[in-house]
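Please open the model in your viewer and keep the sequence panel beside it, so that each selection below can be followed in both places.

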Amino acid sequence: MTDLAALQVPGPIHEPLNAPFWEGVEAGVLRIQRCGACGASVFYPRPICPRCWSDALRWVEARGTGRLKSYSEIFKPGHPGWSPATPYLVGLVELTEGPVLMSHILAAGNAVAIGDALTFAPTDIGGRILPCFAKAGSETGREV
Amino acid sequence: MRHLSPRAAISGIGELKPQRRTDGVATMDLLMRVSAEAMADAEIGPEEVDGLLVAPQVGETPQHVPATVAEYFGMQPEMSNLVDLGGASGPGMIWRAAAAIAAGQCETVLCVIGNHRNPTPPRSPNRNPAREFDTPFGASGANTSYALLMQAHMAAHGCTAEDYAQIAAGSRANAQLNPMAIFFGQPAGVEEILASPMVASPLHLLEIVMPVAGADAVIVTTMERAARAPHKPVYLLGAGEKITHRAVSQAPDLTSGPLRPAMARALSQAGIAAADIDFLSFYDCYTIMVATTIEDAGLCAPGGFAAWLRDNGGMGPGARQPINTHGGQLGFGQPDLAGGMTHVVEAVRQIRGGTEGRQIEGCDTALVTGNGATMSEAVALVLGGTP
C-alpha cells in the first residue's frame, strides 16, 4: 500500500473558525457542531446554524461512526500529487449524527459497498492528520 | 394551458467550432468573434444591443467582467451582469435577459459565453469549504463528484454500465451529423466506451466530456424586434431555476437533482408536458447527468432511463423525442461554461428548422437544461416557435 504520509498533495487551507475540528482530528477525536436552539448536527463548521440561524452552535464529540453513502475508486486524480496512490478510494460518509462528509476510505476498491459501516480513522496524508474512515472492525489506518 | 405569455424571443445565435487549444488567443477575442456572428445572424448592429450578460472567464478577469467585456466590445449597456451558475450559466442568461426586457430596462440583450484553452490550465485558487474539506482527501474535480453521483444512482436502481454507456454512444452517433463537433468522424459504440480507461469508478473516460475552447452567443430581444429579424423567432415559453448546494457531500439527494423542480416550473409556465416536447436539449457533462435528467423530467420513473431510451429509439433526429442532436457536449466537446449554451443554440436551430443533416421533423418545442457544479445549479427553459 502506498505511503500516504509521503504524498506531495494539497492539504486543507485552515479557517480559524474550524480550529476545534482540526485540533480534534490531531488528537484522534471527531468533532462536529450541534445547535443549542434547534438541535441540528452541523458539518462543515459554521459561525451560525444554517438550519435555524441561531448562534447557539457548540462543539460536540461525534461518535466517529457512519455509513458509506457513495464511493469512487480514483484512477486519474484531480491533483497530480495523488497519482502515486492510485487507485484509491474516496467516499461520502454519512455520520451517525446525520451530517455527510467527503473522506478518504482506507480500503481496496473491490472491498466496499454502499451502506457499509465505517469508523473514524485519522491518518497521516502528506504530513497532515486527516479525518479518514475505514470499514468498521478493520484495523486499517489506525496509524496515529 | 400556458401560465405565462412570452415577452421575449431569441433572434440571433452564434457558435464557434470547438478547438482543443487556442495558444495565444484570449477569451475576449473569442467572445467578440462569436458576438459578431450572433449579431449578424439577427441582422442587428452593436448599437441595437443595450443589455449584456456575461459569464466567469476561467483563469481570466476575476472581477468586473461585465464592464471589461462591454469596454472591449465598445458597448455602453443599460443592463449588464455576470451569470455565475457553472454549466447552467448559458440557459440562466436567457430568462434573465427576458426578465430585464419585461422590466423595461433594455430591449436587446447579448448573452455571450466562452473560453480559451491552454494545455495546462492554472490550478484553482479557491478558498472555500471544498478546499478545506474535500480537496485534501484526493477528491478534487468534477469527475470525482459525478462518479459519486453515478455510483449512488447505480446502486439505488441496479442500472448497468451498458445502460449509461448508451448515452455516450448516442451522443457520438449524433456528432456524426454535425461537422462542427469535436468527435465528428469518430463514432464510438457501447463496447468502445466501456473499454476506455476507468477515470473514477464507475465513470469511463468516454463518458466524460472533452474540454475544448469555444464560445456561444445568443441575442434575446422584444417580441416586436424579433418579428422583424430575418429568422423565425424562438420564444421563451417558460423557465425554472434551483440551486441546492455546492459540494457533492452537501447534496440533499444523490440520485435526483435541482433540475426536477426547475423543469417542473418551466414546463408549467409553458403549459406543456415533458412527454409532449419535440426536442430534449439536455445538459450532458457526464452520461449520468442525462440519465438523471430524463428521470427528473418525469419521462420515466427513477431508475427507468435505460428502458425509456430504448423505447425512445435512441437519441437521434429520428427518435420519438430526439436528444442532443448537435452531439451533446459528449460529442460536440465542452467549451467550458459555454457548454451549457450549446444546448440553447441547438434548440434554436431545431425550432427555426432546416438544420442541415439533422433536422427534427416538425420541431416546435424544446426543453433545454443547464447544470452546474455537482448537480447543484439548475436552469430549465422551454423554447418554442409558436408565441
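Begin by selecting Val54(B) and Leu82(B) in this predicted model, since the two are bridge partners, with Leu82(B) lying in strand E3 of chain B. Extend the selection to the whole of E2(B), residues 51-54, and E3(B), residues 79-82, and you will have two parallel strands that are joined by 4 bridges. To follow the chain from E2(B) to E3(B), add helix H2 of chain B, residues 65-73, through which the path crosses in a right-handed β-α-β crossover.

Stay with E2(B) and select strand E4 of chain B, residues 108-115, which pairs with E2(B) in the parallel sense over 3 bridges. Within this pairing, Gly51(B) stands opposite Val109(B) of E4(B).

Now show the residues of E2(B) one by one: which of them point the same way as Gly51(B), and which the other way? Leu53(B) points to the side of Gly51(B), while Leu52(B) and Val54(B) point the other way, and all four positions are buried. In a regular strand, side chains alternate between the two faces of the sheet.

The next stop is the largest nonpolar core, which holds 168 residues and in which Val218(B) and Leu383(B) have the most contacts. Select Leu383(B) and look for the residues that it touches beyond four places away in sequence, among them Val234(B), Tyr235(B), Leu236(B) and Leu237(B), and also Ala347(B), Val348(B) and Ile351(B). In soluble globular proteins, nonpolar side chains tend to be buried together.

Turn next to the contact between the two chains, to which chain B gives 27 residues and chain A gives 34 residues. On the chain B side, select helix H4 (129-133), helix H5 (142-157) and strand E5 (198-200), which are the elements that each give two or more residues. Of these, H5(B) gives the most, with 7 residues. Colouring this side of chain B by residue type would show 14 nonpolar, 9 polar and 4 charged residues.

Finally, select chain A alone, where you will find 1 helix and 10 strands, the helix coming before the strands when the chain is read from the N terminus. The C-alpha trace of chain A spans about 45 × 30 × 25 Å along its principal axes, and its radius of gyration of 15 Å agrees with the value near 15 Å for a compact globule of 144 residues. Buried residues make up 39% of chain A, and among its contacts between residues at least 6 apart in sequence, 49% join residues at least 24 apart.

Terms used: Residues numbered from 1 in each chain as written. Chains lettered and ligands numbered in written order. Predicted model: local features only at pLDDT ≥ 70, side-chain atom pairs only at ≥ 80, totals over all residues. Buried ≥ 20, exposed ≤ 12 C-beta atoms within 10 Å, placed from the backbone. Pairing = 2+ DSSP bridges. Right-handed = clockwise from strand over helix to strand, strands pointing away. Core = buried A, V, L, I, M, F, W, Y, C linked by C-beta atoms within 7 Å. Contact = placed C-beta atoms within 7 Å. Nonpolar A, V, L, I, M, F, W, Y, C, P; charged D, E, K, R; others polar. Rg over C-alpha atoms; globule rule 2.2 N^0.38 Å.
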